[in-house]
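This report is an introduction for a reader who has not seen the structure before. It begins with a point in the backbone and moves on to the bound molecules.

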Amino acid sequence: MGVPAAPPADVPPIDVARAEVLLVRLPLLEPFVTSFGPTASRHVVLVRLEDGDGRAGWGEAAPLDHPFYLPDFVAGTFDLVADWALPLCLRADVRYPRDAARTMAAIRGNTFGRTGVEAAYWTLFAEREGCSLRALFGGEASRIPVGESLSIKPTVGEVVEEAELRLRQGYRRIKLKIAPGWDVEVVREVRRGVGDDVMLQVDANAAYTLSDADRLAELDAFGLACIEQPLEFDDLLGHAELQRRLATPICLDESLRSPALVRTALDADACRNVNLKPGRVGGIAASLDIERLCRERGVPLWCGGMLESGIGRAPNIALCSLGGFTDPADMSPASVLYEDDLIDPTFDVEPDGCIEVPSGSGLGYRVDEERVRSRVVRWVELDGDGTVRARGEGKEKG
Ligand code: OSB
Ligand code: MG
């Protein structure tokens with residue numbers, strides 16, 4: 001159906017009675033290693049909105065714990081959400097999800113925090129309407145293809161082994177993390193191991209400079225779907241210059257932090273492939289705008305991941321059901337990354353490399369509230385008008 005900019009008069013507004021912001025620890029099975037270093041500790045910020053009838057809407061803000069991917073980091077995001085983004089929405093008496101995005105547009109940057117709040121409004125609205133996020137976003141596919149993003153490992157052999165394992169499990173695409181000194185050889189060995197027919201791509205997480213252009217051009221020999229974010233996060237013109245020297249399409253991740261930046265990057269030919277993470281581009285309404293832009297221009301588009309829990313992945317999976325998402329998503333299930341998930345049951349990859357898009361109302365998954373509360377390290381509770389009711393640390397919140 002898709003939500004019009006202003007909902008029809010007969011759709012009752014959301015009325016938030018109570019809100020919580022929870023900083024929650026997620027137990028990673030092993031550190032996730034990229035060119036910016038290991039991510040060994042993982043927390044996310046959860047937003048829980050409750051209406052007067054006791055219905056809940058959940059959202060997740062998932063920057064990393066540290067500021068080495070982008071400026072956003074999880075402790076700062078907790079304060080941003082609890083002290084600014086959520087009170088702004090509650091005081092403005094936001095009544096529809098798109099109004100939440102518009103209200104928070106007053107906040108500069110801090111895209112991950114704003115998205116967590118916006119997602120909670122979308123899921124509460126869907127829950128109240130008894131419809132799925134997929135229906136709300138206007139998506140169609142009932143299943144979506146997924147790929148996996150492979151951490152940097154002690155040896156090339158271990159990367160080849162994991163790539164082969166994931167392909168046996170059905171994954172449709174392999175993405176290798178690269179860094180100077182961990183690039184051409186790894187790609188050569190993985191390509192040799194998996195064969196020419198497998199969709200393969202690399203992600204540099206901004207580890208190179210233009211002076212590495214010749215080295216990066218050596219990757220043209222391996223039939224990669226794209227080279228993701230080779231240069232600095234704020235260097236669109238550098239990427240345009242590099243694209244002129246590469247046959248492989250450049251994909252941007254870190255650089256694309258709003259719909260306007262996606263448009264600018266495409267106009268400048270700074271990328272020919274788009275990684276969309278709702279938290280990075282400024283939210284769900286922003287994601288819907290970018291999906292339309294890429295579909296109209298015929299630009300390959302796929303959903304990236306931020307090691308989210310199932311609560312964070314849920315709206316991403318629903319977005320992927322829209323026609324503009326052409327390539328497999330970085331949406332591997334929690335079983336690959338974590339001891340357990342915050343949703344129960346969690347989703348899994350089926351033998352053909354797809355995950356099912358939920359058709360149930362609201363988030364589409366059951367949140368394991370007991371597990372969530374056992375992992376809370378910091379929390380704030382607010383009234384429906386944005387007044388702080390209580391705040392505390394860890395176990396008090398049982
Ligand atoms: O660059 O795409 C990235 C995880 C954290 C931060 C940045 C990135 C990633 C991934 C993981 O590649 C993808 C996933 O969530 O499974
Ligand atoms: Mg990336």
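## Loops, ligand and metal ion

L307 is found in the loop that runs between β13 (301-303) and α12 (310-319). In this predicted model, L307 has a positive phi of about 55 degrees, although L307 is not a glycine. This deserves a remark because most residues other than glycine have a negative phi. With a relative accessible area of 9%, L307 is also buried, as the value is under 20%.

N205 can be described in similar terms, since its phi, near 45 degrees, is likewise a positive value in a residue other than glycine. N205 has its place in the loop between β9 and α7 (213-217), and with a relative accessible area of 6% N205 is buried.

Which residues come nearest to ligand 1? Of the 17 residues around ligand 1, the nearest are S149, K177, N205, L307 and R313, so that the two loop residues described above, N205 and L307, are met again here. The table lists side chains that have a polar atom at a short listed distance from an oxygen atom of ligand 1.

| Side chain | Distance to an oxygen atom of ligand 1 |
|---|---|
| K175 | 3.0 Å |
| D203 | 2.9 Å |
| D253 | 3.1 Å |

Taken alone, ligand 1 exposes 390 Å², and the protein buries 99% of that area. The space that ligand 1 takes up is the largest cavity.

Two of the residues in the table, D203 and D253, also belong to the metal site, where the magnesium ion (ligand 2) is coordinated by D203 (OD), E228 (OE) and D253 (OD) at 2.1 to 2.3 Å. Along the chain, the donors of this magnesium ion follow the spacing D-x24-E-x24-D. The pair D203 and E228 links distant parts of the chain, with D203 in strand β9 (residues 199-203) and E228 in strand β10 (residues 227-228), 25 residues apart.

Are D203 and E228 buried or exposed? D203 has a relative accessible area of 0% and is therefore buried, and E228, at 0% relative accessibility, counts as buried too.

One further backbone feature remains to be described. A cis peptide bond, with omega at about 0 degrees, joins D344 and P345, and P345 lies in the loop between α13 (334-337) and β14 (354-356). Such a bond is worth a remark because most peptide bonds are trans.

Key: Residues are numbered from 1 along each chain as its sequence is written. Chains are lettered from A and ligands numbered from 1 in the order in which they are written. This is a predicted model: local features need pLDDT of at least 70, side-chain atom pairs count only at pLDDT 80 or more; totals for chains, interfaces and linings use all residues. Side-chain values use heavy atoms; hydrogens and water are left out. Donors are N, O and S atoms within 2.8 Å of the metal (3.2 Å for Na, K and Ca); water is not among the atoms, so sites may look incomplete. Helices (H or I, at least four residues) and strands (E, at least two) are DSSP runs, numbered from the N terminus. Buried means under 20% relative accessible area, exposed over 50%, partly exposed in between (1.4 Å probe, protein chains only). A residue is near a molecule or strand if one of its heavy atoms lies within 4 Å of it. A polar contact is a pair of N or O atoms within 3.5 Å; within protein, one must be able to donate a hydrogen and the other to accept it, and residues adjacent in sequence count only if both atoms are side-chain atoms. Accessible areas come from the Shrake-Rupley method with a 1.4 Å probe; for residues, only the protein chains shown count as cover. On a 1 Å grid over the protein atoms alone, a cavity is a set of points where a 1.4 Å probe fits but cannot get out, and a pocket is an open set with protein on both sides within 12 Å along at least five of seven lines; lining residues have an atom within 4 Å of a point. A molecule sits in a cavity or pocket if more than half of its atoms lie within 2 Å of its grid points.
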